[in-house]
Amino acid sequence: MAGNEKETKKITIEDLAGVGEATAEKLRENGYDDIMTLAVASPKDLSEVSGIAEGAAIKIINAARKAADVGNFETGEEILARRKDVRKLTTGSKNLDDLLGGGLETQSITEFFGEFGSGKTQIMHQLAVNVTMPFEKGGLEAETMIIDTENTFRPERIVQMARAKGVDPDETLKRIHVARAYNSHHQILLAEKAADLAKEFNIKLVVVDSLTSHFRSEYMGRGSLAERQQLLNRHMHDLLKFSTIYNAIIAVTNQVSARPDVFFGDPTTPIGGNIVGHTATFRIYLRKSKAGKRIARLIDSPYLPEGETVIQLSEDGISDGT
Ligand code: ADP
Ligand code: MG
């Protein structure tokens, strides 16, 4: 992955057939400033934002794909090679790390869902602290981008958690880049901008807290459900794309809605239905327990067994509590 990134950076967008100076300028203005971004763009989006005809956009995308060597079938061997770059980030709880097979993974989306107060935002804060830590301590020596939709990011919490980990609170805060998303469109836009931030900083964690709250409040009623799902789908795929290109972790939170029609099993279900469920690689369901304890349950993993464990929330952050 790292090697691949470097190779594609050698050629600039002007090197592509069909991209003259004026077109290159238009593309750059709209964030399509490297081969990889163009290679994974959709012709419709490219044409809409840059004013280039769709036919021309298709040609440019194809040229970029050829140059970046994407869009072809990968052999199992190649996928395994890419998977070898996967890195893991500690949650701060050995129990939860073990449940996840060693921690949160790069190149994938991990979703934490649960009711209000179940600890989703606390975990997001902890991950942002942990990602700055050295590799040998389960960190990635990297930075975080947080899309905050509920205005729940608290630097004071970061300071507490950083102190508990014995890392410099100010240095930690400098490595967390927070953007408040005011509505779902703004949220989608911010996710698209993640690539810009990643060019300047070593972003290995993107947090969206919460993934679904704006979508849920803006798209009420059956009529708008299809549109909501379509936008959520696009948003999730933007995030997934970022995680693959930049070998980064995506961590998102999601609420549950009470389902009075479900009488058996757990009477709660995550928002966003199939779209979120199918795109998130790991889903963790958080439930409240006694004295700051939370039960975390792994649901729907592609290769890990389902199971649950107990974590502890405290002033120091997330731990096993033992
Ligand atoms: P969610 O995002 O799922 O709605 P939060 O992550 O905000 O929930 O979790 C809130 C809970 O986190 C509180 O109920 C409390 O148990 C715990 N918590 C938050 N801040 C602290 C702190 N400074 N010290 C101890 N526990 C805290
Ligand atoms: Mg929260």
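These are my notebook entries on a predicted model with one chain divided into two domains and a ligand.

**Conventions.** I number residues from 1 along each chain as its sequence is written, with chains lettered from A and ligands numbered from 1 in the order in which they are written. Because the model is predicted, local features need pLDDT of at least 70 and side-chain atom pairs count only at pLDDT 80 or more, while totals for chains, interfaces and linings use all residues; side-chain values use heavy atoms, without hydrogens and water.

**Domains.** I looked up the division of the chain and found domain 1 at 10-68 and domain 2 at 83-319; such bounds come from an automatic or database domain assignment. Their centres, taken over C-alpha atoms, are 31 Å apart.

**Cores.** I then looked for nonpolar cores, meaning sets of buried Ala, Val, Leu, Ile, Met, Phe, Trp, Tyr and Cys residues joined through side-chain atoms within 4.5 Å. Buried stands for under 20% relative accessible area, exposed for over 50%, and partly exposed for values in between (1.4 Å probe, protein chains only). The largest core holds 47 residues, and Leu16, Leu27, Leu38, Leu211, Leu239 and Phe242 have the most contacts inside it. Both domain 1 and domain 2 give residues to this core, so it lies between them. Another core, apart from this one, has 33 residues, including Leu99, Ile146, Leu304 and Leu313.

I listed the contacts (heavy atoms within 4.5 Å) of phenylalanine 242, leaving aside neighbours within four places in sequence. Among them are Ala194, Ile203, Val206, Asn247 and Ile250.

**Ligand 1.** I counted as near any residue with a heavy atom within 4 Å of the molecule. By that count 14 residues surround ligand 1, the closest being Gly117, Gly119, Lys120, Thr121 and Gln122. For polar contacts I took pairs of N or O atoms within 3.5 Å; within protein, one must be able to donate a hydrogen and the other to accept it, and residues adjacent in sequence count only if both atoms are side-chain atoms. An oxygen of ligand 1 is 2.8 Å from a polar backbone atom of glutamine 122. An oxygen of the ligand is 3.4 Å from a side-chain N or O atom of arginine 294. A nitrogen of ligand 1 is 3.3 Å from a polar backbone atom of glutamate 315. Taken alone, the ligand exposes 580 Å², of which the protein buries 66% (Shrake-Rupley method, 1.4 Å probe; for residues, only the protein chains shown count as cover).

Two or more residues of the shell come from each of α8 (120-130), α9 (155-165) and β12 (307-314), where helices (H or I, at least four residues) and strands (E, at least two) are DSSP runs numbered from the N terminus. With three residues, α8 gives the most.

**Phenylalanine 112.** I placed this residue in strand β3 (residues 108-114). Phenylalanine 112 is buried at 0% relative accessible area. Its contacts beyond four places in sequence include Lys120, Ile123, Met124, Val252 and Ile284.

**Threonine 149.** I found this residue in the loop between β4 (143-148) and α9, buried at 4%. Its side chain reaches the backbone nitrogen of serine 210 at 2.9 Å, and a polar contact of 2.9 Å joins it to the side chain of serine 213.

**Glutamine 312.** I located this residue in strand β12, where it counts as buried at 13% relative accessibility. Its side chain makes a polar contact of 2.7 Å with the side chain of lysine 293.
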